[in-house]
Each structure stands twice: as C-alpha cells, then as structure tokens.
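User: Please take a close look at the contact between the two chains. Which parts build it, and what lies around it?

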Amino acid sequence: MQQKKIIIFIIILFLASSIYLFARGDDYKAAPDWWALSFVDPKSNNLNFVIENFDNNTNFHYELLQDTNKLSEGDVQIKAGEKKELILKNSEISSQNNNKYTIRVSLKNETKEIYKNIKN
Amino acid sequence: MLQYMFNQITFYIALGLVLFVPGYALLLAIFGQRKILSNLERFIISFGLSLISVDFIYFSFSGLHISITRLSTFLGILFFSFICFAIYKFRTSSNVEKENSLFDFSKNQFVLILLLLFLTIFIKTAYLSDTVFPTATDMGHHMYWAKWMVENHQLPTYESMPDFIIGEHLIFGAIALLSGADFFSAFPVIILLLINLLGILTVFIFTLRIFKNKTIATLTLLFLGVLYAIASPQAKFVSGGVIGNIMGNFLMPLAFYFYYRAFEFLESASMPDKNSKTFLALAIFTTFGLFYTHHLTAFIFLFIFALLVIIFLAVNFKNFKEILTKIFHIAFSPQVLSVFVIGLIFFFFIFTPNYFKTSAVDTAVGAPSKDTRVGLTIANLRSSIGEARLALGFIGLLILSSRFKKRSFGYTIIFAWTAMIFIMSTLPNVLFINLPSNRIGNYLSYPVAILSAYALYFVFRSKSKTQEESFIVSSNLLKIGFTIILAFVLVDGISDSTLAFKNQSDLRPLAQTFNASEYLGKNLTDSDMVLKDHNYITADSWIKLFFMRGYKYPLSRGYFKRYEDTTKPREMCTLTMISAPNSNDARACFAQTSTNFIIVNPQFDSAQFKKSKDFNQIYSNPEINIYYRTN
C-alpha cells in the first residue's frame, strides 16, 4: 500500500509539474511589445508590405521613399496580435528605375526600414 | 480552452502508451504477478523497458518496410502489448513469493521519501519554468530528427552523421505522432524531465537492492534528486536537450540493476535460479537499448563492465572456477541466448546504429586530440559534481573499500562505476580515450551520490550490533565532524541550485526568431539557400524545423573560435558570407553555395549588408533582419 501511495504521489507531482510547464512553455508565443515589418513578396519588385503587431500601441505611420525622396505616406491602425498587408499605389516598380526603394514604418519612437534595390 | 484540455489529455494518453504500457506488458509476460519485483520496481522498470520496446517495434517496422504513421505506431504498440498480455494469460505462474519487506518503509522513512520526491520535482520544475522554451541548441538539433521521422514516416537516416543515435529520437517522434504535440511546445522538455526522474528512481531501487538498507536508498534520493538538482547532468541537461546523457543515466543504472539481480545469487554462494536467467536476459535487452540510444554512455558502460568483471574475478580468484561455472550456467540458458541472438540480428542486420557504421568508434579511441580531452583536474571535478558531494563520495568509496564484500556483485558495480568514470575523465591517456573529458565527468555524479549516501549513513547510523561495524564511528568527534560536513553538503547542494536560477527571461527574441523563420519558410522555393548566424540569434538551431529541408539547411555561421580551431580545419564560406559579404571571397562563396537569403541579428550584422546594392532587406524585427541577395 505504501508503494502504491509513492507511485500515486509521483504521478500527481509529475502531472502538476508538466501541466504547469506546458502552460509556461507557450508564454513566448504571446511575448509583448514588439512588431515586425516585411515585404509581401521578397523576390519581386513589388513593394507591398506587411506589419505584424504584438505591441499594445496600434497607430503606425509609414512612408515610401525613393532613395531619400518621399513618394507617399500614410497611417494605419493594427491591433495587438494582428497583421495587415499594406498595398501601395504603383507598388510594382519598373526595372527601368535604378533606385533604392525604402519602406519606413514607425510606431511611437521606434522606426524600422526594409528596402529593395531595383537594378536595370 | 476545450482544445487545450483535449491536447493535454491526448498527450498523457500517448505518453502512457509509449512509455509505460509496452514495458508493463512485457514484465507481466515475464514475471506475471509474482512478487519478485515490488510494485515500485515494476512501475519504474516499465518505463525503461517501454523505451527499449518501442525502439525495437520501430526497427521491426523498418525491416518490414512498414510506414511509420499514427495508426501503425498505435497498432504496433498495441500488438506488442497484446502478445505480452496473451503470454501472461497463457502462463499459469504461481504466486508463491511473499512481498519483499525491503520495500516496507517505516512511517518516518515514508514521509521522508515523499518529501524528497516533492523537493526533487519542485526544484527542477521551478528551474525549468524559465528554461522550458524551445531555445536550446542541442534540443533543436534532436527535434529536427524527431520531426523528420513524423513527416517522412520512416526512421531518420541522419545524412550519415554519427553524432545522432536513433534511440534519442524515437520516443519523441512516437509521442508527437500519437498526440499531435507541437515540437515548439514544452513537450520535449517534459519527456526529458520524466526520464531524468526515472533515472533517479532507478538509482533509488538499485541502491536499496544492493545495500538492503532503506536509509541509504533514501539518502541517495537526497544526494541525487534534491541536492545539485539543477547542475549538469540534472535539470540543466533536461532544458538543454542533452537527450543521450539523460537517457543514458536512466538506462545504464537500469542495466546495472538487472545485472545485479541476475548475479545476486553469488553473494550467498547459492545456485542460480530461473530468475537469474530472466534478469540476465533483461540486462542484455537493456544493454542493447543503451547501445541504440547513446554511444557515449554505451562506451562508458563497456569500460565499467570490463573493470567490474576484472575486479570481481580478481577478488574471488580462489572461487574462480565455481563462479565461472555458475555464470556459464545462466549465460547459456535459452532465455539469455535468445535475447542476445535476437539483439545481435537487429543490431547488425535490421537496424545498425549510425555510429557503428562510421568512424565514430575510431575517433573515440586514441590519443587526445584537443585540450578539452586531456583529462579533468580535481578542481574541474569539484565544480562538475559539487565540492561537498565529491568529498563525501570519496569518503564513501574509502569506507566501501574497507568493508568490501568479496562476493558482493553490487559493491563491485558501485566501485567499478565510480573508479572507471573517474579514470576515464581524469586520466584519459591511460585508457587511450579521445573524448571530451567533461562529458564523461558528468556521469560521475550518479555513483558518487550513492557513495555519499553510504558514507553519511555509515557515520550517523544508530549503534551497531557488532564490534566490527562500529569501530569506525566510535568517536563522537567524528560525528560532529560529519555534522559539519552534512551542513556543508546541504548548503553547497542547495546554493548550487539557487545560483542556477535565471532572472525572468525575455521571451521576445525567441518569438522574433520564430516569426522571421515562419515568414521565410513561406517564401522559400526549392532553389533558395539560406544562411543564418549562430552567434547572435536566439534559438537559431530551431530555425531548420520551419524549413525541414535537411539537417544542414540552413547553412550556419558557427562560433567564431571554431573557424580558428587548428585541430579541425573547416570551410570559411559561412563566416565570410556574413562577416564580409561584399568581398571577392564571399562572392565566390555565394556562387558556390547558391545562398540568397541571410538571417542575422541587426545589432551585430547589419551595416555590411546595408552598404551593398546586392542585398535587399526584406524583413525586420528587433532581433532579426533578413536580407535577400539579388545577384
């Protein structure tokens, strides 16, 4: 009987430990206060981009630059845990233009950039 | 919530099916309900035998060209268990043995055992709560192969790499197949935690059987479970995914347990009975399991076993003939021979471990080739095992030697286990061993924990009945000295654990690595090649699980010192393509490797890419930038 109690005790302890660790192990999936910026299509000349937000702040501002010249800008609201694809007007850049195109996005004081060098 | 609960329940059912049912059924088939094993032993051993049985079930699948799926895994385990159960029902074994009083604990012992178990699991869980995340490099490498098995429905081929052994991955693959558990969850760490606990429990029952003393066994739980519960090779190895070592430290004591039970009769100079043959068959079965699980542990086991045989036969030289006759009697029995022959057939003809086919054995033997292999100093051992535990273990070894029972196979196992690992880790030259000494030294904590318990018991036990037993501890001064040592051990052992606790982890870098990997995984085509950095990216070894295009995909810039290691010259492209991507060497490397995506940490490797018009930055988060090479 003693041994059975020890076995049951071990099982209960392991279950409690593992259930807790399972819950804890998923915490990173909801890590807060960051966001990511990426091109929808990394290989083509298309400049459409995606913002994926894990921050509680939701008001993003974006700009499209050709080298240092601002071509367009806008604001977008994205809730925490959501992502949004931003489709730019004339986003398909002709390969005749030999320039660097930059997407600059800011949220509060943090700014990120992604860019494509378009070559002839 | 319901889905989460359902996932949890399926995980525990799969865990039971893979890690308990086959072993329990096998024990039923062999021993029926006989009391030759206590309930606690049956429970602990079932896990070890399940682990090995599942390996052999999968090897049979491989031999029979049966695809490894959820259904075939389920049916295979069920079929094996059903056959065992049918044998159990068919055999009419009489239950004549009485329950062994060895496992009847006093109330105080019972409470102490529960307390030590609670502390063991509590301390490990507390540590793992901040290290359970999928970040460890080794774990990432191992889980790649487990996932590969799940996705490809066959046993991993390891691309001819000898460092991976099949038994390290099968149970993870089996549980993932049956339960659908996510490899990016805590499940691999939880499985390793369970195996780690079972290793400690195996040492507990092994010690109890050898010394026939409940206090020594209980103290072993203190020295192996509670004290130094975090240090390597305990919880740190669990979170670090050092699978082979954790499994080895379960299977090796289990093998020793079976060998001890098989040759226990030598202590009383009686004749072996049929149980001896059965236990020897189980010992051989477990030894094969060990060889299928971890080559380093198997290698160490062979050396220990050789020393064990030499010592035992040397101290019993006068009874050499009598002992050999008895050993031959059980070794050449049908049950032992059949397990041995079947094991050999599997090993050489059905599924041969990768390390056996390659040069791994050759590289393990010879003059040390790196300064990490020239042997540990006593200072190294102190930090590896714990200063107090090492001191107490050494005293235990002296006491054991002074009270050595020539006929005790158990004493000889403990002695050989300690002595051989000590020699292998401190004086590898003597045995021509060319393996990292610290990896071998980690194994020493297990026998040293037993010896520490033995030493402590020997000094503090109540007045002995015989003069011969009491002379060493007659002095009260000695007891006071040992009280101080005990306090030192407790403080040292617990403080070792508290030092290991991390501050609250920042989980964002992990989430950011996985987010970037997921993005890139969706955009890759067959012709793309990715290069990532190992130095500054969190959990980078897990990135390959998002791509599943080969163990060496993506390419990796390794630790900088490795490129300077003169003992192992290596390619330089992975270094150059990140560190100097615009150099002529790098251009040649890009052309040679077809690398067109590079994953780096922007805080360390960004400027060199921004300068070049050959790279587009296509992804950005605080920890990861991804660049796409256009030329």
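Analyst: What follows covers the contact first, then the strand pairing across it, then the nonpolar cores. The model is predicted.

Start with the contact. Chain A gives 38 residues and chain B gives 43 residues. On the side of chain A that touches chain B, three elements each supply at least two residues: α1 (2–25), β1 (35–39) and β7 (110–117). α1(A) holds the largest share of that side, with 17 residues. Sorted by class, the side of chain A that touches chain B has 19 nonpolar, twelve charged and seven polar residues.

Next, the strands. β1(A) serves in the contact and also pairs with a strand of chain B, β4 (residues 615–620). The pairing is antiparallel and runs over two bridges. A:Leu37 has B:Ser620 of β4(B) as its bridge partner.

Now the cores. The largest nonpolar core has 194 residues. The members that touch the most other members are B:Val18, B:Ile171, B:Ile175, B:Ala255 and B:Tyr454. Helix α8 (residues 187–211) of chain B contributes the largest share of this core, 19 residues. Take B:Ile175 as a close-up. Leaving aside neighbours within four places in sequence, B:Ile175 is in contact with B:Ala14, B:Leu15, B:Val18, B:Ala181 and B:Ile191. B:Val18 thus appears twice: as a contact of B:Ile175 and among the core members that touch the most others.

A second core is separate and has 43 residues. Its members come from both chains, including A:Leu47 and A:Val105 from chain A, and B:Val530 and B:Ile578 from chain B.

Key
Residues are numbered from 1 along each chain as its sequence is written. Chains are lettered from A and ligands numbered from 1 in the order in which they are written. This is a predicted model: local features need pLDDT of at least 70, side-chain atom pairs count only at pLDDT 80 or more; totals for chains, interfaces and linings use all residues. Two residues are in contact if their C-beta atoms, placed from the backbone, lie within 7 Å. Helices (H or I, at least four residues) and strands (E, at least two) are DSSP runs, numbered from the N terminus. Ala, Val, Leu, Ile, Met, Phe, Trp, Tyr, Cys and Pro count as nonpolar, Asp, Glu, Lys and Arg as charged, and the others, Gly among them, as polar. Two strands pair if DSSP finds at least two bridges between them. A nonpolar core is a set of buried Ala, Val, Leu, Ile, Met, Phe, Trp, Tyr and Cys residues joined through C-beta atoms within 7 Å. A residue is buried if 20 or more other C-beta atoms lie within 10 Å of its own, exposed if 12 or fewer, and partly exposed in between; C-beta atoms are placed from the backbone.
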